[in-house]
Amino acid sequence: MIDGIVGIGGRVGLRPEAIAALEAVSRDALVVSVDVPSGLDADTGRITAPHVQADITVTFGSHKVAHLVDPAAAACGTVHLVDIGLELPPAAVESLQAVDVAALLPVPDQFAHKYTRGVVGVRAGSAAYPGAGQLCVAGAASGLAGMVRFRAVDDDPGTARAVLAAHPEVVAGEGRVQAWVVGSGGGARSADALADAVSGRVPVVVDADALAVVDRPLPVPAVLTPHAGELAQLLGVTREEIEADQLAAVRRAADRFDAVVVLKGRRTLIAEPAGRVRVNTTGVPWLATAGAGDVLAGLTGSLLAGGLAPFDAASAACWLHGVAATLASDGGPLTAGGVAGALPETVRRVLAAG
């Protein structure tokens, strides 16, 4: 069935006659929509009315917001873009490709040493959640920064020993860093760890338990990494409200907290306070696994320490994280540790292709 009922300039939703016509079509039919599935709002990513559920959407000139942002994106199926030679203005919502990520990655020159490449500090893990510290360090120690320093959020010596056993290249204890990652598996001591990190006046990635103590803009450049439930708590709304209008929610959070906000999900959204948003389309469903967010937080911190701006660091980290998951999965299950282990090969492939 070819769906051309309503164009992108049409009113959102479908009239009763169109709904009845759709219901008469065999449910086994392959549905191909022209530009956007009829009934969707092309500009917001929301679903507010009856619409076509497409298997394939063929669009022209440029992707629309509905093709990229959930829940609308999930109704578009596979999207095929046809270039018709349009001259387009800069987009408020964009999606990085491999060549964009290759251009962003910090690549050492012949005179580089570990300090010029950046030192990332990780305050993660605790006696209750030691694994979170190991996974966050695994993301940070993927080779994109020159050094990783580690302290458990609660200064638990057992957590530090486990991290050093798994990552002997990591340095434990105090020292100068160019960025901090705080909160993964931190528990009740996360507020103190975040305060310590912020006092260092360097950029900070705020993850997991540390998000619960953020109630105002931080005095340093920050990347906040909530999932929908955590963002709902930050904004004082329900998870259902966040999931229904993800684009508006992530922009509101970035503005309220004057920070880059990463709304993790099937299509992760990265927003900066000025309103610009990037949508990450890499990854596989198997990435929905415990500890994957810890790896992402550490990876983001390593790119911050390597000199990327918070918006670029978060965007590139999400892209690499998803591609590494695809590589680690190879069509089957994966673990968060497997994602971290696939990051060096992912970077090699991106740089070679870029």
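## A tour that starts at Asp 35

Select Asp 35 and show its surroundings: leaving aside residues up to four places away in sequence, Asp 35 touches Ile 8, Thr 57, Val 58, Thr 59, Phe 60, Lys 64 and His 67. Bear in mind as you look that this is a predicted model.

Now colour the chain by secondary structure, and you will find Asp 35 in the loop that lies between strand E2 (32-34) and strand E3 (56-60). Is Asp 35 buried or exposed? Its relative accessible area is 14%, and because buried means under 20%, Asp 35 counts as buried.

Next, display the side chains of Asp 35, Thr 59 and Lys 64, where two polar contacts can be traced. The side chain of Asp 35 makes one of them with the side chain of Thr 59, at 2.4 Å, and another with the side chain of Lys 64, at 3.1 Å.

Thr 59 leads you into E3, so select that whole strand next, since its residues are divided between two faces. Thr 57 and Thr 59 belong to the covered face of E3, whereas Ile 56, Val 58 and Phe 60 belong to the uncovered one.

From E3, look at the neighbouring strands, beginning with E2, which pairs with E3 in the parallel sense over three bridges. To find one such place, select Ser 33, whose bridge partner in E3 is Thr 57. Then turn to strand E4 (residues 78-82), which runs parallel to E3 and is joined to E3 by five bridges; here Thr 57 stands opposite Val 79 of E4.

Which strands make up the whole sheet, and in what order? Select E1, E2, E3 and E4 together: they form an open sheet of four strands in the order E1-E2-E3-E4, with parallel pairing. The edge strands are E1 (2-3) and E4, each of which pairs on one side only. At the E1 edge, the pairing of E1 with E2 is also in the parallel sense and extends over two bridges, and Asp 3 stands opposite Ser 33 in E2.

For a last stop, leave this sheet and select helix H4 (residues 130-140), whose buried residues are Ala 132, Gly 133, Cys 136, Val 137, Ala 138, Gly 139 and Ala 140. What do these buried residues of H4 pack against? If you show their surroundings, you will meet three strands by name, E6 (119-123), E7 (147-151) and E9 (179-182), together with the helices H5 (157-166), H10 (292-305) and H12 (336-353).

Conventions
Residues numbered from 1 in each chain as written. Predicted model: local features only at pLDDT ≥ 70, side-chain atom pairs only at ≥ 80, totals over all residues. Heavy atoms only, no water. Buried < 20%, exposed > 50% of the residue type's maximum accessible area, 1.4 Å probe, protein only. Polar contact = N/O pair within 3.5 Å; in protein donor to acceptor, adjacent residues only side chain to side chain. Contact = heavy atoms within 4.5 Å. Pairing = 2+ DSSP bridges.
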